[in-house]
Every structure is written in C-alpha cells, then in structure tokens.
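Okay, thanks for squeezing me in. I'd like to walk you through one small model today, so have a look at it while I talk.

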Amino acid sequence: MENLYTKDQGQTKLVKAKPETIRFLLSYSKSLNITEVDGLQFESNLN
C-alpha cells in the first residue's frame with residue numbers, strides 16, 4: 001500500500017471546484033435512488 005503514494009507530496013496543488021459543479025453533484029446525489037432486490041442493485045435517477 002505504501003507504494004501507491006507519491007514520494008514528493010509538495011508538488012501537488014489544491015484544485016477548487018466551481019459552485020455550479022458542486023450544485024450539480026449535490027442535486028444528482030439527491031435524485032439517485034438505488035434499489036436492491038434479491039441481491040441485484042438497480043440505479044435510477046429520479047429526475
């Protein structure tokens with residue numbers, strides 16, 4: 001697991017998301033419905 005991380009963490013930069021992106025992701029996650037029946041998962045977007 002230790003080999004998955006970079007050795008020089010100083011080169012990474014923080015990326016900020018636009019408010020529109022955050023709003024889209026929040027509304028999508030609110031409308032996503034996952035139903036499980038007999039071990040099968042069904043995903044539906046309640047749009």
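Let me start with one residue: Asp38 counts as exposed, at 78% relative accessibility. By exposed I mean over 50% relative accessible area; buried is under 20%, and partly exposed is in between, with a 1.4 Å probe and protein chains only. Asp38 is found in the loop between β1 and β2, and its phi is near 50°, a positive value in a residue other than glycine. Just as background, most residues other than glycine have a negative phi.

Before going on, some housekeeping. What you see is a predicted model, where local features need pLDDT of at least 70, side-chain atom pairs count only at pLDDT 80 or more, and totals for chains, interfaces and linings use all residues. Residues are numbered from 1 along each chain as its sequence is written, and side-chain values use heavy atoms, with hydrogens and water left out.

So, confidence. pLDDT is the predictor's confidence in each residue, from 0 to 100. The protein averages 84, and 81% of the residues score at least 70. Among the elements, helix α1, residues 19-31, has the lowest mean at 92, while strand β2, residues 40-45, has the highest at 94. The usual caution applies: where pLDDT is low, the predicted coordinates should not be read in detail.

Now the layout. We have 1 helix and 2 strands, in the order α-β-β from the N terminus. Those are DSSP runs numbered from the N terminus, with helices being H or I of at least four residues and strands E of at least two. Of the 47 residues, 2% count as buried. In β2 the number buried is 0 out of 6 residues, so that strand lies largely in the open.

How do the strands pair up? β1 and β2 run antiparallel, joined by 6 bridges; for a pair, DSSP has to find at least two bridges between the strands. The hairpin they make has 2 residues between the strands, and that is where Asp38 takes its positive phi. As for partners in β2, Leu32 bridges to Asn45 and Ile34 to Glu43.

Let me stay on Ile34 for a moment. Ile34 sits in strand β1, residues 32-37. Is Ile34 buried or exposed? Partly exposed, as it turns out, with a relative accessible area of 46%. Leaving aside neighbours within four places in sequence, Ile34 is in contact (heavy atoms within 4.5 Å) with Gln41, Phe42 and Glu43. The C-alpha atoms of Ile34 and Asn45 are separated by 8.8 Å, and the two residues are 11 apart along the chain.

Ile34 also belongs to a nonpolar surface patch, together with Phe24, Leu25, Tyr28 and Leu32, with about 480 Å² of accessible area between them. The elements giving two or more residues to that patch are α1 and β1, and the largest share, 3 residues, comes from α1. For the record, patches use residues with over 30% relative accessible area and no salt bridge, joining nonpolar side chains (Val, Leu, Ile, Met, Phe, Trp, Tyr) within 5 Å and like charges within 9 Å. A salt bridge here is a side-chain nitrogen of Lys or Arg within 4 Å of a carboxyl oxygen of Asp or Glu.

Last bit: the protein exposes about 5,100 Å², and carbon and sulfur atoms supply 55% of it. Those areas come from the Shrake-Rupley method with a 1.4 Å probe, and for residues only the protein chains shown count as cover.
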